[in-house]
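Q: Please take a close look at the salt bridges of this model, and say which residues pair and how far each pair is exposed or buried.

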Amino acid sequence: MASTSHSSIGAKSMSSVSSRATTATAAAAAAASAIVVASLVAAPPPDFSAALTALQSVFDIDRFDRFIALFGVWPNKEMVLAGDYAGWCITTQCLDQAFQLSRSELRLGSFSISEAFVGDFSPIRYAFSLLLAAVLGNFFMWTTGIIARLLFTHFDASKCSLPSQLPWPDPPGNSAPFDVPVPEASAEQLGKFLAFRGVALPATEAARREAAAREAVSYMAELFDRKHNEWCYRHYALKEKGLCFPYRAPFMNAWDFYGETSAHLRPVGNGQVIFALHHTVEGLLLPLLYFSSGDASFFYLALYADMGVEAYDILALLWRRATGADHTLTRHHPSVDAVLV
């Protein structure tokens with residue numbers, strides 16, 4: 001008993017030290033990144049002329065541009081043949097302009113601040129878009145969950161089924177649906193299943209069938225959650241090949257699919273809704289407004305909004321790896337992090 005106690009304490013101590021080391025490493029990396037970004041913004045614009053001259057001495061950039069234009073990509077053939085590289089960031093003049101530092105006054109009503117630009121990029125607007133993405137992203141994760149619970153949790157016990165075997169066999173690949181409809185289940189089957197789930201037997205038969213149906217929904221969600229997590233870990237972390245992809249058994253209630261999804265996988269669906277909205281607004285609507293109106297503010301709004309959302313999700317992913325607290329929008333399994341970062 002004493003050795004078991006000491007080993008448990010030692011394990012907890014090692015876990016605590018590992019957690020503190022991970023947090024300290026993440027904090028040091030964040031501080032180093034902040035120093036690098038600050039030094040880049042504060043430093044004078046770099047001179048790319050020498051590097052471009054050396055590159056031109058190795059191969060002919062004009063010939064390279066003409067080769068690219070043959071495939072019909074931008075800029076078009078006529079622009080390249082005429083030597084017009086407007087917006088084609090390959091010339092010395094374009095590189096110098098892209099990394100030129102400048103300042104302007106940003107006015108918000110009576111309030112104004114001095115805003116720095118690197119080319120046409122504003123670090124202040126980028127930081128604001130990142131902060132706004134964090135606030136709105138978490139707000140929409142919350143509201144999406146509320147709306148989904150209101151619309152897609154229509155439970156009907158008569159449409160549910162119980163497993164005839166306990167525990168239910170759930171091999172890799174497609175999950176099999178439970179095979180005993182709740183209305184046809186015997187009193188013995190109801191009692192065994194509720195005992196298996198650790199639920200006290202209700203007084204009336206109707207209440208027993210209702211409780212068994214709800215537990216069956218939860219049990220199916222838990223089985224798939226476990227199978228999905230195991231597949232993600234073995235596929236992404238262990239790099240195992242030839243695994244059968246897990247497919248969930250059909251939902252018992254078509255309009256209860258959110259209620260029949262595990263608490264772990266619900267936020268994954270919420271995040272996919274948010275990213276679909278995000279890509280629709282910034283990848284379709286704002287570009288259409290820009291092309292139809294010619295107003296460049298729509299173009300820059302789309303860029304900053306897209307950078308804010310994507311950067312926030314990556315930072316939240318790094319925060320999850322350091323602390324275990326998950327505020328990401330994607331809510332993927334942690335084993336997928338190595339693929340996303």
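A: The structure holds 11 salt bridges, a salt bridge being a side-chain nitrogen of Lys or Arg within 4 Å of a carboxyl oxygen of Asp or Glu. This is a predicted model, in which local features need pLDDT of at least 70 and side-chain atom pairs count only at pLDDT 80 or more, while totals for chains, interfaces and linings use all residues. Residues are numbered from 1 along each chain as its sequence is written, and side-chain values use heavy atoms, with hydrogens and water left out.

In general terms, side chains of opposite charge can pair when their charged atoms come close. One such pair is K192 with E188, whose closest N and O atoms are 3.2 Å apart. Both residues belong to helix 7, which spans residues 187-196, and they sit four residues apart, about one turn of the helix; helices here are DSSP runs of H or I with at least four residues, strands are runs of E with at least two, and both are numbered from the N terminus. K192 and E188 are both exposed, where exposed means over 50% relative accessible area, buried under 20%, and partly exposed in between, computed with a 1.4 Å probe and protein chains only.

A second pair joins E205 and R209, with the closest N and O atoms 2.8 Å apart. These two residues lie in helix 8 (residues 205-237) and are four residues apart, so about one helical turn separates them. Their surroundings can be described residue by residue: E205 has a relative accessible area of 42% and is therefore partly exposed, whereas R209, at 17%, counts as buried.

The side chains of R234 and E240 also meet in a salt bridge, at 2.8 Å from N to O. R234 is partly exposed, with a relative accessible area of 28%, and E240 is likewise partly exposed, at 28% relative accessibility. Beyond these pairs, a network of salt bridges links R320, D326, R331 and D337.

As for the setting of these pairs, the protein has 11 helices and four strands, and buried residues make up 28% of its 341 residues. Among contacts with a separation of 6 or more, 55% are between residues 24 or more positions apart, a contact meaning heavy atoms within 4.5 Å. The protein exposes about 21,100 Å², of which carbon and sulfur atoms supply 66%; accessible areas come from the Shrake-Rupley method with a 1.4 Å probe, and for residues only the protein chains shown count as cover.
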